[in-house]
Amino acid sequence: MSKFGFVCIAGLPNAGKSTLINALVGEKVAIVSWRPQTTRNKILGVTGGDGWQAAFIDTPGIHDARNKLGEYMMKSVAGALKDVDCVLYVVDASRGLRKEDAKFLETNSGKYPVVVAVNKQDAVTQTTLFETLSALTAYPEIKAVVPMSAKRGDNLDDLRKELVALLPEGEPMFPEDMYTDSSLRFMAAEIVREKALYLLDKEVPYGIGVYIQKFSFRENQGICDILADVVCEKQSHKAIVIGKGGATLKKIGEAARADLEQLVGCQVYLELYVRVKSEWRDSEFLMRELGYDPKDLKD
Ligand SMILES: Nc1nc2c(ncn2[C@@H]2O[C@H](COP(=O)(O)OP(=O)(O)OP(=O)(O)O)[C@@H](O)[C@H]2O)c(=O)[nH]1
Ligand SMILES: [Mg+2]
């Protein structure tokens, strides 16, 4: 008998969902940062084992949207929760079970089979971990609760076992060597954005979008040319992104280039330009240009 299913990974911003999908899939399908609201789209990560395949969907962290981009992100979560076989809900043990977690579990643990990963166990004491685990006993419909660490890989096998047990019977939907359906362009834009999230400060990183102008391979030369716009919301932010004498942009470029070379498997020539698109996070037109098209989302 073979098993196949879609598993939606949901949770509050910064809980460790993207770290977890990368750990489960064994590939970097989603970017990670310590900033909340890092993930903006749903992202597919496929993995499998003996007689099973699971298609995980990473989603943006659940929050109250304050702009059109936030609305897009929350609509992505709602869309990702449709037609899934199981939900993997990630709780951040270092913050405990919050009222927003409780709200999600109250609304959803009767609707779907839900497994809860209590993540970041490495960052808390046994007593704190126990408090979160005790609070979760209030939701008897939850199929399994697994304390774990996505960062260290602790208890990943237990979590995988619980999830595989819940997958329905079915044939694998994806070829064995396929681990995501994201395009190289999308992954390249995300890598640049990840570096900007690390290297920028205050409100600037939240208003960054990345648009890949050019992505091409030079035939027989083992070189990939990537030209990307780093879009920010204000003229004053542009100066910050560029930095003194171009130092910050250079750092973003250097960090991104190393990851991009891993992604494409050859030398990368990366050029970054900083552009201002005023208040783009509240313009559907500009959001679409940056790859956040509300029309792509299921109602
Ligand atoms: N100590 C510890 N930190 C972790 C663990 N898992 C993730 N993190 C850290 O938590 C932060 C957030 O991780 P992400 O994977 O980006 O979180 P997310 O839930 O995808 O966040 P959003 O995309 O913003 O919703 C990063 O700094 C991670 O390194 C863990 O098991 N232990
Ligand atoms: Mg994420």
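This note goes through the domains, the sheets, one helix pair and the ligand surroundings of a predicted model.

1. Domains. The domain assignment of the protein divides the chain into domain 1, residues 3-166, and domain 2, residues 184-296. The C-alpha centres of domain 1 and domain 2 are placed 27 Å apart in the predicted model. Where the two domains meet, eleven residues of domain 1 are in contact with 14 residues of domain 2, and the side of domain 1 that touches domain 2 is made up of three nonpolar, four polar and four charged residues.

2. The six-stranded sheet. Six strands form an open sheet with mixed pairing, and their order across the sheet is S2-S3-S1-S4-S5-S6. At its edges are strand S2 (43-49) and strand S6 (144-147), each of which pairs on one side only. From one strand to the next, the twist of this sheet averages 25°.

3. Pairing and packing in the six-stranded sheet. Strand S5 (residues 114-119) runs parallel to S6, and the two pair over four bridges; for a reader who wishes to find this pairing in the structure, Val115 has Ala144 in S6 as its bridge partner. Helix H3 (residues 99-108) packs on this sheet, where H3 touches strand S1 (3-11), strand S4 (86-92) and S5, and the direction of H3 makes about 160° with that of S4.

4. The three-stranded sheet. A further open sheet, again with mixed pairing, consists of three strands in the order S7-S8-S9. Strand S7 (209-218) and strand S9 (267-276) stand at the edges with a single partner strand each, so one side of S7 and one side of S9 have no neighbour in the sheet. The twist in this sheet averages 15° from one strand to the next.

5. Pairing and packing in the three-stranded sheet. S7 and strand S8 (residues 223-232) are antiparallel and pair over nine bridges, with Val210 standing opposite Val230 in S8. Helix H7 (residues 235-242) packs on the sheet and touches S8 and S9, its direction making about 155° with that of S9. H8 likewise packs on the sheet and touches S8 and S9, and the direction of H8 makes about 135° with that of S9.

6. The helix pair H6 and H8. Helix H6 (residues 184-199) packs against helix H8 (residues 247-264) at an angle of about 140°, and the axes of the two helices are 9 Å apart. The crossing in which H6 passes H8 is right-handed. On the H6 side the contact includes Leu184, Met187, Ile191, Val192 and Lys195, while on the H8 side the residues met include Thr248, Lys251, Ile252, Asp259 and Leu263. Taken together, the residues of the contact of H6 with H8 are 13 nonpolar, one polar and three charged.

7. The surroundings of ligand 1. There are 24 residues around ligand 1, and those that come nearest are Gly16, Ser18, Thr39, Gly61 and Lys151. Which helix gives the largest share of the shell around ligand 1? That helix is H1 (residues 17-25), from which three residues of the shell come. By residue class, the shell around ligand 1 divides into eight nonpolar, twelve polar and four charged residues.

Definitions and conventions: Residues are numbered from 1 along each chain as its sequence is written. Chains are lettered from A and ligands numbered from 1 in the order in which they are written. This is a predicted model: local features need pLDDT of at least 70, side-chain atom pairs count only at pLDDT 80 or more; totals for chains, interfaces and linings use all residues. Axes are lines fitted to C-alpha atoms, for helices over the stretch in contact, and angles run from 0 to 180 degrees between N-to-C directions. A crossing is left-handed if the near helix is turned anticlockwise from the far one by less than a right angle, and right-handed if clockwise. Two residues are in contact if their C-beta atoms, placed from the backbone, lie within 7 Å. Ala, Val, Leu, Ile, Met, Phe, Trp, Tyr, Cys and Pro count as nonpolar, Asp, Glu, Lys and Arg as charged, and the others, Gly among them, as polar. A residue is near a molecule or strand if its C-beta atom, placed from the backbone, lies within 6 Å of it. Two strands pair if DSSP finds at least two bridges between them. Domain bounds come from an automatic or database domain assignment.
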